Amino acid sequence: MILLAITAATPLLLAVLGETIVQRSGIINLGIEAMMLTAAMTAVLFAQGSHSAAIGVLGGIAGAAAAGALFGFFAIELHADQIVTGVAANLLALGATGFVYREMEQSAVFVRAVPRLRVDVIVPLAWIVLPIALALVLWRTMFGLRLRACGENPEAVERVRLYRWSALGIESVLTGIAGAHLALMLSSGFAENMVAGRGFIALSIVIFGRWKFKGAILGTALFGIAAAAQYALQAMNRGIEFHLLLALPYVATLLILCGIAGRVRAPEALGR
Amino acid sequence: MTRAIVAVAAALALVALAGWLFGHSPIDLLTILLGGSLDETILKAIPLLLTGLTIAVAFRAGVWNIGGEGQFIAGALAAFVAARFGLAAALAASVIAGAAWASIASLLRWWRNAPEVLTTILLNFIAINVLGWCVNGPLQESSARYPQTDAVSIALPQIGDVHAGVVLAAAVAVVAWWLLYHTREGLRLRATGFNPAAAKFAGVNVEAQIFRAMAVSGGCAGLAGGIELLGVTHRLFERFAAGYGYSGIAVALLAQLHPLGTVVSAFFFGALATGAGELQRSANISATVATLIQAVVIFTMILFGRRERA
């Protein structure tokens, strides 16, 4: 059951890792939801067009990158409010994918079974390889140091926009894989609003994990197991209390944010 | 004003274009989209107006209240519980509950410097899960068949084909306008949002000011929830909030954060939501075009907002 929970929480973890990087560079991207949802749709379109799940994953990355570019254009280039931009990006993705899906609902693309990866390499990639690689980049390279500096004191960094765009690029790859995994491996295709709030959940796990990769893994695992337990208990007809249990991660995150459950320090320039 | 018109035109043109690309007549599409029934438009506009004010008041004070969704639920839950004491009590309870739910965020901000952007979002999730627990547990209907409550015993009186919430919401908009632009409280509030350092220097207690702004803001969202319960749904269920909290952002931005502009903007988005529903029924075009338009409106407003300032 734990393995199942881990697999189900994989898109969430990828989103958390991506958002951790982005927030380290000083940006709050509420548009993760948009990136994942767009990715889920483009992954299905590409996978069906090419009969290959691998191409589908690339398609997902392209979709997430498109949504990310829109966010970046407004938030980084125009310096528009990041929160408003993120919310608008989410609404746009929800509306656009909903519209396209309805138009093409009957076409083979969304009816036929989607190609899948024979071995789900994304799970070990997300839980082991990527966190180590990202941690090395963020903490052991000059690039990572400068990226973090953009999140702490952007005035001290030359070419802040370059680093923020890079962070957003990394997040696009991660959320793209996340959307593809969601659509191609966890479900059998696209469904309207299929990301269902995972973006916002990822956002709270980033805080829960205190902007660190170890925390990200721990937080996502806890959340995934709690969610899986909820289904198990619902099946046993004892699901009622679990609505309260499901609220617990958010209460915990709230407490962490207030520094009640341990010390926390957000990147200094987050959101500016 | 020009900005708002350009934004609306751009959004409508984009949707017409998208429909045309998929083989729908753009004229028919726009006719249906903008030709929804007046009554339903007003019904949809009421919660949008109040959640729009929620955003506008908080933004004016320079704080983020993304928690409209949670405050909406808190208000509806309180109205449901207080319904046995009568209509006035239920409505008052919804305002207080919304304000209280928002105040948790401002308390945490004041006490621990926790950013309200994040805390209000977290409080949304907590409210959604508490509502889920209530309708599956303590407040579930007596027949215990569906995850929903029994119908409330009282309802807002009808005025023609719409409920009296329309008067309440319009009155709140006028009061908010008067408060913001014709009282000292409003001046201080706007000063706080405009330049907190200068406001502090001029003797405004910035923290207390933000606290009150958040309470007023949350009260509006709470009232929206109470009115929606007592006027439209009469029951609570898991997906009760239906995104009104987030739609409020589009409403407020199109109105350029002006309370009276919010009335017009809410009416527009209400018409859009109504027309989009009709579009889905009669032309099989997804009702999510309403969401799409909200997004394009926000983006255009940002784009042109910059140019105006520059």
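Begin with chain B coloured by confidence: its mean pLDDT, the predictor's confidence in each residue from 0 to 100, is 91, and 98% of the residues of chain B reach 70 or more. This is a predicted model, in which local features need pLDDT of at least 70 and side-chain atom pairs count only at pLDDT 80 or more, while totals for chains, interfaces and linings use all residues. Residues are numbered from 1 along each chain as its sequence is written, and chains are lettered from A and ligands numbered from 1 in the order in which they are written. For the model as a whole, ipTM is 0.89 and pTM is 0.89.

**Chain B as a whole**

Keep chain B selected and show it as a cartoon, where 13 helices and two strands make up its secondary structure; helices (H or I, at least four residues) and strands (E, at least two) are DSSP runs, numbered from the N terminus. Among these elements, helix 4 (residues 68-82) of chain B has the highest mean pLDDT, 96, and helix 13 of chain B the lowest, 82. Where pLDDT is low, the predicted coordinates should not be read in detail.

Turn the chain slowly, and its C-alpha atoms will be seen to fill a box of roughly 60 × 60 × 35 Å along the principal axes. The radius of gyration of chain B, taken over C-alpha atoms, is 20 Å, which agrees with the value near 19 Å for a compact globule of 310 residues, the globule rule being 2.2 Å times the number of residues to the power 0.38. Of those 310 residues, 58% are buried, where buried means that 20 or more other C-beta atoms lie within 10 Å of a residue's own, exposed means 12 or fewer, and partly exposed lies in between, with C-beta atoms placed from the backbone.

**Two stops in chain B**

Select A18(B), which sits in helix 1 (residues 2-21) of chain B and counts as buried, with 20 C-beta neighbours inside 10 Å. Then add V289(B) to the selection: the two residues are 271 apart in sequence, yet their C-alpha atoms are 9.7 Å apart in space.

Next go to N284(B), in the loop between helix 12 (259-283) and helix 13 (289-309) of chain B. Its phi is near 55 degrees, a positive value in a residue other than glycine, and N284(B) is exposed, with 11 other C-beta atoms within 10 Å.

**Across to chain A**

Now select chain A, which has 12 helices and zero strands. Its C-alpha atoms fill a box of roughly 55 × 40 × 30 Å along the principal axes, and its radius of gyration of 18 Å agrees with the value near 19 Å for a compact globule of 272 residues. Buried residues account for 52% of the 272 residues of chain A.

Pick out helix 9 (residues 160-186) of chain A, whose 27 residues reach 37 Å from first C-alpha to last, close to the expected 39 Å, a span worked out as 1.5 Å times one less than the number of residues. Because 20 of its 27 residues are buried, helix 9 of chain A is largely enclosed by the rest of the structure.

For a backbone detail, select W211(A), in the loop between helix 10 and helix 11 (213-235) of chain A. W211(A) has a positive phi of about 60 degrees although it is not a glycine, and it is buried, with 22 other C-beta atoms within 10 Å.

**Where the chains meet**

Show both chains together: 33 residues of chain A are in contact with 35 residues of chain B, contact meaning that the C-beta atoms of two residues, placed from the backbone, lie within 7 Å. On the chain A side, the elements that give two or more residues are helix 5 (82-104), helix 10 (198-208) and helix 12 (240-257) of chain A, and helix 5 of chain A gives the most, with 14 residues.

Stay on helix 5 of chain A and select V100(A), which is found there and counts as partly exposed, with 18 C-beta neighbours inside 10 Å. E192(A) is 92 residues from V100(A) along the chain, and their C-alpha atoms are separated by 9.9 Å.

**Last stop: the core**

Which residues touch the most other members of the largest nonpolar core? They are M36(A), A40(A) and A79(B), in a core of 208 residues; a nonpolar core is a set of buried Ala, Val, Leu, Ile, Met, Phe, Trp, Tyr and Cys residues joined through C-beta atoms within 7 Å. Centre the view on A40(A), which, leaving aside residues up to four places away in sequence, touches G179(A), L182(A), A183(A), F190(A), M194(A) and V195(A).
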